[in-house]
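Student: I've got a protein to look through and I'd like to practise reading it. Can we go through it together, one question at a time?

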Amino acid sequence: PADDDPGWTPPDDPAVNTELEGRNAGIVMAYNQQDLGMTIFDVILSNGNLFDLPWNDQPVGIAIGYHQRLETEEWKPNASNTTGTGGGNRGLRSSEQETNAFFLEVQIPLLEHDFWGSAELQIAARYAEIETTGKIGQQGTSKFDTMIPKVAIRYAPTDWLSFRSSLTEGFVTPGLYALFGEPDTVGETGSVGDYICNNVAE
């Protein structure tokens, strides 16, 4: 730098408080971090030979199970957004969702014939309780429960060809961000300003 360089831009410099300087002041490198976690625990009891059907001597199978899943999310905004400089004021968010489900499935071999092939019927049901909790950020708790039935049939006229059809339902809860995201997570992108002058003490 020159010997007479004061080390900062003088107040009477043409570049001070111009539109270009204001725009450049709002450009920051945003580094946000989102940590996602999932823990799953399953227990399944099954019996493939519960009893034999009277018309074809084929065994009926059954399965009973329990499923537990814990999903966690932690969202850390960059430092500029945390302090409200260089963008909208955004805070730390932490939330989790726990699912407890029970299911029952029965498999019935309807047909087993050398000429006509084989046919199999599957009947199942799943009951789930889902609890979503916002821990940090916008706090709250939401609980959902659902019963999902399923009916499926498979027909195989030969060993190398089979047809399968199923009917079931689906249930999807709102995501963690949709339920407990902070109301002010969207920054003001339509206006610019000199955030250093407005937020940093002289």
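## Working through the strands

Tutor: Let's start with a facing pair: Thr132 stands opposite Ser142 in strand 5. Keep in mind that this is a predicted model.

Student: OK, how many bridges join strand 4 to strand 5?

Tutor: Strand 5 covers residues 140–158, and strand 4 and strand 5 run antiparallel. Thr132 opposite Ser142 is a facing pair to look at here. The number of bridges joining strand 4 to strand 5 is 17.

Student: Which residue takes a positive phi in the hairpin of strand 4 and strand 5?

Tutor: This hairpin has three residues between the strands. Look there for a phi near 110 degrees, and you land on Gly137.

Student: And how many bridges does strand 5 make with strand 6?

Tutor: A hairpin joins strand 5 to strand 6 through two residues. Across the pair, Ala152 stands opposite Ser166, and Arg154 stands opposite Arg164. The two strands pair in the antiparallel sense, and the count of bridges is seven.

Student: Let me zoom out. What pattern does the protein follow along the sequence?

Tutor: You're looking for four helices and six strands. Reading along the sequence, with α for a helix and β for a strand, you get α-β-β-α-β-β-β-β-α-α.

Student: What share of the contacts with a separation of 6 or more comes from residues 24 or more positions apart?

Tutor: Gln33 and Lys76 give you a feel for this: they are 43 residues apart in sequence but 5.0 Å apart in space, C-alpha to C-alpha. Gln33 touches Lys76, along with Glu74 and Trp75, not counting residues up to four places away in sequence. For the whole protein, residues 24 or more positions apart account for a share of 61%.

Student: Staying with Gln33, which residue's side chain does it join in a polar contact?

Tutor: Gln33 is found in strand 1. Gln33 counts as partly exposed because its relative accessibility is 30%. The polar contact is 3.1 Å, and the partner is Asp35.

Student: Is Gln122 buried or exposed?

Tutor: Gln122 sits in strand 4, residues 117–136. Leaving aside neighbours within four places in sequence, Gln122 is in contact with Glu105, Val106, Lys150, Val151, Ala152 and Arg164. The cut-off for buried is under 20% relative accessible area. Gln122 has 12%, so the word for Gln122 is buried.

Student: Which side chain makes a polar contact with the side chain of Gln122?

Tutor: Go back to the list of residues in contact with Gln122, which includes Arg164. You've met that name already, as Arg164 in strand 6 has Arg154 standing opposite. The polar contact is 3.4 Å, and the partner of Gln122 is Arg164.

Student: How many salt bridges does a search of the whole structure find?

Tutor: Side chains of opposite charge can pair when their charged atoms come close. Arg69 forms a salt bridge with Glu71, with the closest N and O atoms 3.2 Å apart. Glu96 forms one with Lys135, at 3.9 Å between the closest N and O atoms. A search of the whole structure gives a total of two.

Student: How many residues apart in sequence are Glu96 and Lys135?

Tutor: The salt bridge between Glu96 and Lys135 is the place to look. Glu96 lies in strand 3, residues 93–113, and Lys135 lies in strand 4, so the pair ties together parts whose separation in sequence, in residues, is 39.

Student: Which residue has a positive phi although it is not a glycine?

Tutor: Most residues other than glycine have a negative phi, and most peptide bonds are trans. The one to find is in the loop between strand 1 (33–52) and strand 2 (59–76). With a relative accessible area of 58%, it is exposed. Its phi is about 60 degrees, and its name is Asp57.

Student: Last one: about what area does the nonpolar surface patch with Trp116 have?

Tutor: The patch is made by Phe115, Trp116, Tyr155, Trp160, Leu161 and Phe163. Leu161 is found in strand 6, residues 161–168, and counts as partly exposed because its relative accessibility is 32%. The patch comes to about 770 Å².

Methods. Residues are numbered from 1 along each chain as its sequence is written. This is a predicted model: local features need pLDDT of at least 70, side-chain atom pairs count only at pLDDT 80 or more; totals for chains, interfaces and linings use all residues. Side-chain values use heavy atoms; hydrogens and water are left out. Contact means heavy atoms within 4.5 Å. Buried means under 20% relative accessible area, exposed over 50%, partly exposed in between (1.4 Å probe, protein chains only). A polar contact is a pair of N or O atoms within 3.5 Å; within protein, one must be able to donate a hydrogen and the other to accept it, and residues adjacent in sequence count only if both atoms are side-chain atoms. Patches are made of residues with over 30% relative accessible area and no salt bridge: like charges are joined within 9 Å, nonpolar side chains (Val, Leu, Ile, Met, Phe, Trp, Tyr) within 5 Å. Accessible areas come from the Shrake-Rupley method with a 1.4 Å probe; for residues, only the protein chains shown count as cover. A salt bridge is a side-chain nitrogen of Lys or Arg within 4 Å of a carboxyl oxygen of Asp or Glu. Two strands pair if DSSP finds at least two bridges between them.
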